[in-house]
Amino acid sequence: MVLPIGRLRPNRPNTVTQVSSAPAISGKVVPMGTYCVTGAASGIGEATKRRLERDGHRVIGVDLRNAEVEADLGTDAGRRHTIDRVLELSGGVLHGLVPAAGITGVPESVVSINFFGVMALVNGFHDALARAGGAGIVFISSNSTILTPGLTRDHAAFYLGHLDDEAACRSYFADKGFLAYPAGKLALSYWARAHSVQPEWIGRGIKVNAVAPGLTDTGMTRPLLAVPEAKASVEAIPVPLGRWATPDEIASVIALLLSNDTCILGQTIIIDGGTDAVIQPTSHPNPLGG
Ligand SMILES: NC(=O)c1ccc[n+]([C@@H]2O[C@H](COP(=O)([O-])OP(=O)(O)OC[C@H]3O[C@@H](n4cnc5c(N)ncnc54)[C@H](O)[C@@H]3O)[C@@H](O)[C@H]2O)c1
């Protein structure tokens with residue numbers, strides 16, 4: 001079916017043959033898209049997949065297991081398999097990418113999965129996203145970027161200065177413990193900000209943004225409560241809202257950023273129940289005059 005979607009997707013050509021009729025949600029016809037979500041078997045990725053499907057879209061999930069595409073995004077072979085298989089399943093047209101797969105733990109694995117696993121897919125799907133004529137990428141950053149003692153912009157700069165040198169990043173972060181995690185998330189946020197406005201991205205109709213969740217109730221965080229030391233440091237984080245986020249609450253912001261209902265571009269939306277606001281009340285917006 002051919003739908004005139006100029007009004008619905010301003011960046012799109014006047015007609016798109018890929019669009020099929022989809023459920024009317026709140027009285028509005030939403031064009032169905034095809035999305036790739038990694039980490040789709042658990043937590044934020046799983047909630048995002050469910051949310052997009054509920055909105056009438058098709059989602060190709062990627063994860064180590066229990067997903068349409070099963071692959072290890074920490075390896076070249078797993079990334080290659082993911083790119084090939086998703087392009088095959090989507091017919092080479094993607095309306096969005098949510099690279100949510102991630103871990104905490106061994107720094108070298110954090111570097112490979114959380115940063116290089118994401119970048120490989122962003123590059124591998126660039127043309128498929130552009131072909132949609134209006135698409136989105138939402139990175140999963142983290143509010144650890146504003147909470148981690150000792151983390152500096154230089155740590156993120158190391159990632160961004162070595163986009164083609166995964167081995168150098170693995171080696172640089174190997175003795176830096178947890179820093180590999182927030183540094184990689186900061187690098188994703190900076191990458192989104194810098195690239196979103198470039199002709200290669202928004203010029204090809206691809207909106208790039210990030211979300212930075214605070215403590216969210218998932219398979220990643222729940223085990224922390226069983227370790228007394230980790231539990232104590234988690235409980236020391238101020239959350240004025242008074243509770244952790246649910247994966248669905250993160251997914252709803254991701255769905256908004258992927259939709260045509262917003263012109264948000266290049267932003268990292270912190271979703272942390274007020275932690276950032278209470279710790280750095282005047283950090284944002286940052287006036288040019290200082
Ligand atoms: N939960 C939080 O509080 C929180 C806060 C900030 C950011 N995040 C980020 O959100 C994202 C999702 O995490 P979550 O909390 O939903 O955790 P989760 O553990 O529930 O889900 C992560 C998923 O990623 C998959 N995964 C891990 N390694 C993989 C690999 N090598 N290849 C393919 N898939 C792999 C896992 O199998 C799992 O299904 C991560 O990037 C994480 O860093 C989480």
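Let's start with the sheet: seven strands form an open sheet with parallel pairing, in the order β7-β6-β5-β8-β9-β10-β11. Keep in mind, as you look at it, that this is a predicted model. The two edges are taken by β7 (69–70) and β11 (268–271), each with a single partner strand, so one side of each has no neighbour in the sheet. Strands of a sheet pair through backbone hydrogen bonds, either parallel or antiparallel.

For a closer view of one pairing, go to β9 (residues 135–140) and β10 (residues 206–213), which run parallel and are joined by six bridges. One place to pick up the register is A135, whose bridge partner in β10 is I206.

Now bring in the helices. Helix α2 (residues 76–90) packs on the sheet, where it touches β5, β6 and β7, and its direction makes about 165° with that of β6. Helix α1 lies across β5 (34–38), β6 (58–63), β8 (96–99), β9 and β10, and it runs at about 165° to β5.

What lies in the largest nonpolar core? This core has 68 residues, and those with the most contacts inside it are C36, L94, L97, V138, A183 and I254. Helix α3 (residues 107–124) supplies the largest share of this core, with nine residues. V138 is a good residue to click on: leaving aside its neighbours within four places in sequence, V138 is in contact with V98, N209, A210, V211, I254, L257 and L258. I254 thus turns up in the contacts of V138 and in the list of core residues with the most contacts.

Next comes the ligand. Around the ligand there are 26 residues, of which G39, S42, G43, G102 and T218 come nearest. The elements that give two or more residues to this shell are α1 (43–54) and α3. Of these, α1 gives the most, with three residues. So the helix that lies across five named strands of the sheet also contributes to the ligand shell, and α3, with its share of the core, contributes as well. By residue type, the shell divides into 12 nonpolar, 12 polar and two charged.Two backbone details round off the tour. N66, in the loop between β6 and β7, has a positive phi of about 60° although it is not a glycine. Is N66 buried or exposed? With 11 C-beta neighbours inside 10 Å, N66 counts as exposed, because the cut-off for exposed is 12 or fewer. The other detail is a cis peptide bond between H284 and P285, with omega about -5°; P285 lies in the segment after α11 (275–279).

Terms used: Residues numbered from 1 in each chain as written. Predicted model: local features only at pLDDT ≥ 70, side-chain atom pairs only at ≥ 80, totals over all residues. Core = buried A, V, L, I, M, F, W, Y, C linked by C-beta atoms within 7 Å. Buried ≥ 20, exposed ≤ 12 C-beta atoms within 10 Å, placed from the backbone. Helix = DSSP H or I, 4+ residues; strand = E, 2+ residues; numbered from the N terminus. Contact = placed C-beta atoms within 7 Å. Near = placed C-beta within 6 Å. Nonpolar A, V, L, I, M, F, W, Y, C, P; charged D, E, K, R; others polar. Pairing = 2+ DSSP bridges. Axes fitted to C-alpha atoms, helices over the stretch in contact; angles between N-to-C directions.
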